[in-house]
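User: I would like to go through this protein and ask how each label was reached. Please set the value against the rule each time.

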Amino acid sequence: RLFDRARAGEILDFPATRIPLPAGPAVWLEGRLAPVSLPTGPGLLVTAFDVTEHRRVEQAMRASERLFREAADHIPGVFVLYDSERRLRFINDAGARRLSRPREQVLGLLQEEVWPAEIASHDFRIGIGEGRVAKPYSASVFNISAMSFGALSANAILALNEGAKRG
């Protein structure tokens with residue numbers, strides 16, 4: 001059907017299409033069909049690009065993103081990711097609960113549009129293992145943030161820990 005439309009004079013882009021091969025795995029091709037004039041009469045120019053690897057990488061990225069989201073949603077504290085413009089690109093379940101808003105309402109908003117300018121509490125501790133272990137731990141979010149970065153100096157970690165101790 002695309003060939004008929006191209007023969008009728010239309011230039012058509014065709015989306016990624018799975019092409020089974022007689023020997024070996026199928027490939028994915030996308031491209032363009034365009035009518036051309038040849039010395040022997042009208043013809044059809046077919047330009048195709050093999051996008052098999054691109055599709056494989058996209059599928060792997062989607063699977064990796066699903067695993068990341070699942071892991072992040074099991075973090076008991078608020079976990080967010082911002083882009084370079086400070087727009088919220090990800091918030092875990094705990095963060096959405098903390099905001100009392102569905103994720104869809106806050107994704108894409110600027111940091112200051114999501115979080116209040118003033119903090120009502122100065123208690124920056126979260127419980128780890130509460131109700132699940134014999135000795136739950138009250139951790140400072142500053143300790144957790146510092147450990148996450150891993151690039152802080154020993155003195156910086158000591159200073160953060162001292163600040164966390166003081167409350």
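Analyst: A residue is called exposed if its relative accessible area is over 50%, buried if under 20%, and partly exposed in between. The model is a predicted one.

User: Why is E85 called exposed?

Analyst: E85 has a relative accessible area of 53%. The cut-off for exposed is over 50%, so E85 is exposed.

User: What makes the contact of R87 and E85 a salt bridge?

Analyst: A salt bridge needs a side-chain nitrogen of Lys or Arg within 4 Å of a carboxyl oxygen of Asp or Glu. The side chains of R87 and E85 meet at 3.9 Å, N to O, so the pair fits the rule. R87 has 27% relative accessibility and therefore counts as partly exposed. Salt bridges that share partners also join D73, D93 and R103 into one network.

User: How many salt bridges are there by this rule?

Analyst: The count comes to nine. Among them is the one between R5 and E10, at 3.2 Å from N to O. R5 has 33% relative accessibility and counts as partly exposed. E10 is partly exposed too, with a relative accessible area of 35%.

User: Why can such side chains pair at all?

Analyst: Side chains of opposite charge can pair when their charged atoms come close.

User: What is the separation of R69 and E65 along their helix?

Analyst: R69 and E65 are four residues apart in helix α2, residues 52–73, so about one helical turn separates them. Their side chains meet in a salt bridge of 2.8 Å, N to O. R69 is partly exposed at 31%, and E65 is partly exposed at 40%.

User: Why is the pair F68 and F90 called tilted?

Analyst: Two rings pair if their centres lie within 6.5 Å, and planes under 30 degrees apart count as stacked, over 60 as edge-to-face and the rest as tilted. The structure holds three aromatic pairs. In the pair of F68 and F90, the ring centres are 5.2 Å apart and the planes stand at 55 degrees, so the pair is tilted.

User: Which parts of the protein does this pair tie together?

Analyst: F68 lies in helix α2 and F90 in strand β5, so the pair ties together parts that are 22 residues apart in sequence. F68, F79 and F90 form one aromatic cluster.

User: Are F68 and F90 buried or partly exposed?

Analyst: F68 has 34% relative accessibility and therefore counts as partly exposed. F90 has 3% and therefore counts as buried.

User: How do you know that N92 is buried?

Analyst: The relative accessible area of N92 is 0%. Buried means under 20%, so N92 is buried. N92 sits in the loop between β5 (88–91) and α3 (93–99). Leaving out residues up to four places away in sequence, N92 touches A72, D73, I75, G77, V78, F79 and R103. The N92 side chain also reaches the backbone oxygen of I75 at 3.4 Å.

User: Which residues make up the largest nonpolar core?

Analyst: The largest nonpolar core has five residues: L88, I91, L99, V106 and V114. Such a core takes buried residues of certain nonpolar kinds, joined through side-chain atoms within 4.5 Å. Among the contacts of I91 are L99, V106 and W115.

User: What is notable about phi in R86 and S100?

Analyst: R86 is not a glycine, although its phi is positive, about 65 degrees. R86 is in the loop between β4 (80–82) and β5, and its relative accessible area of 39% makes it partly exposed. S100, also a residue other than glycine, has a positive phi near 60 degrees. S100 is in the loop between α3 and α4 (103–106), and at 64% relative accessibility S100 counts as exposed.

User: What can be said of the protein as a whole?

Analyst: The protein has seven helices and seven strands. Along the sequence the pattern is α-β-β-β-α-β-β-α-α-α-β-β-α-α. Of the 167 residues, 19% are buried. The protein exposes about 12,700 Å², with 58% of it supplied by carbon and sulfur atoms. Of the contacts between residues at least 6 apart in sequence, 20% join residues at least 24 apart.

Note on methods
Residues numbered from 1 in each chain as written. Predicted model: local features only at pLDDT ≥ 70, side-chain atom pairs only at ≥ 80, totals over all residues. Heavy atoms only, no water. Helix = DSSP H or I, 4+ residues; strand = E, 2+ residues; numbered from the N terminus. Buried < 20%, exposed > 50% of the residue type's maximum accessible area, 1.4 Å probe, protein only. Contact = heavy atoms within 4.5 Å. Areas by Shrake-Rupley, 256 points an atom, 1.4 Å probe, with all protein chains shown as cover. Polar contact = N/O pair within 3.5 Å; in protein donor to acceptor, adjacent residues only side chain to side chain. Phe/Tyr/Trp six-rings, centres within 6.5 Å; stacked < 30°, edge-to-face > 60°.
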